[in-house]
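The following exercises concern salt bridges and the residues that form them. Each task is followed by a solution in steps.

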Amino acid sequence: MSNATTYRRSHHCDQLRVADVGSNATLAGWVHSYRDHGHLLFIDLRDSHGLTQLVFDSETDVQMHAEAKALRSEFVICVSGTVEARSEENINPKLPTGQVEVRISELALLSEAVTPPIEVDDRVQAS
């Protein structure tokens, strides 16, 4: 994982929309949820504003994918990547950011956390 001091957040987790597709974004927050689909790993990143879905692809970057597999709920991370449109069947209308995801090219672990025994934020619906 990269050194976190080189990152500066460009967006909060509720800001990215379809108009941002193709642009780069840097986000920071807590790992909210984690879904491993083989070569694709999805993490919902949470900050005080909302959620954004992150994508780690082992076919694009094996090392980055392996680093992401070590992340757990409530770890604090900073990531950079390219905003992409979600496929039609994967759009989440419950989230303001539900039409996009960020394909990650850089990852920095800011802080590890012991996963709490209860859900931290039940107000936000994960994708």
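**Exercise 1.** Determine how many salt bridges the structure contains, and describe the one that Arg9 forms.

*Solution.* The model is predicted. Counting pairs in which a side-chain nitrogen of Lys or Arg lies within 4 Å of a carboxyl oxygen of Asp or Glu gives six salt bridges. For Arg9, the partner is Asp47, and their closest N and O atoms are 3.6 Å apart. Arg9 belongs to the segment before β1 (24–37) and Asp47 to the loop between β2 (40–46) and β3, so the pair ties together parts that are 38 residues apart in sequence. Arg9 is partly exposed, at 41% relative accessibility, whereas Asp47 is buried, at 7%.

**Exercise 2.** Establish which parts of the chain the salt bridge of Lys69 with Asp36 ties together.

*Solution.* First, the distance: the closest N and O atoms of Lys69 and Asp36 are 2.9 Å apart. Next, the location: Lys69 is in helix α1 (residues 62–69) and Asp36 is in strand β1, so parts 33 residues apart in sequence are tied together. Finally, the accessibility: Lys69 is partly exposed, with a relative accessible area of 34%, and Asp36 is partly exposed at 37%.

**Exercise 3.** Characterise the surroundings of Asp57.

*Solution.* Salt bridges that share partners join Asp57, Glu84 and Arg103 into one network. Asp57 is located in strand β3 (residues 51–57). Its relative accessible area is 12%; because this is under 20%, Asp57 counts as buried. The side chain of Asp57 also makes a polar contact with the side chain of His39, at 3.0 Å. Leaving aside residues up to four places away in sequence, Asp57 touches His39, Leu40, His65 and Arg103.

Note on methods:
Residues are numbered from 1 along each chain as its sequence is written. This is a predicted model: local features need pLDDT of at least 70, side-chain atom pairs count only at pLDDT 80 or more; totals for chains, interfaces and linings use all residues. Side-chain values use heavy atoms; hydrogens and water are left out. Helices (H or I, at least four residues) and strands (E, at least two) are DSSP runs, numbered from the N terminus. Buried means under 20% relative accessible area, exposed over 50%, partly exposed in between (1.4 Å probe, protein chains only). A polar contact is a pair of N or O atoms within 3.5 Å; within protein, one must be able to donate a hydrogen and the other to accept it, and residues adjacent in sequence count only if both atoms are side-chain atoms. Contact means heavy atoms within 4.5 Å.
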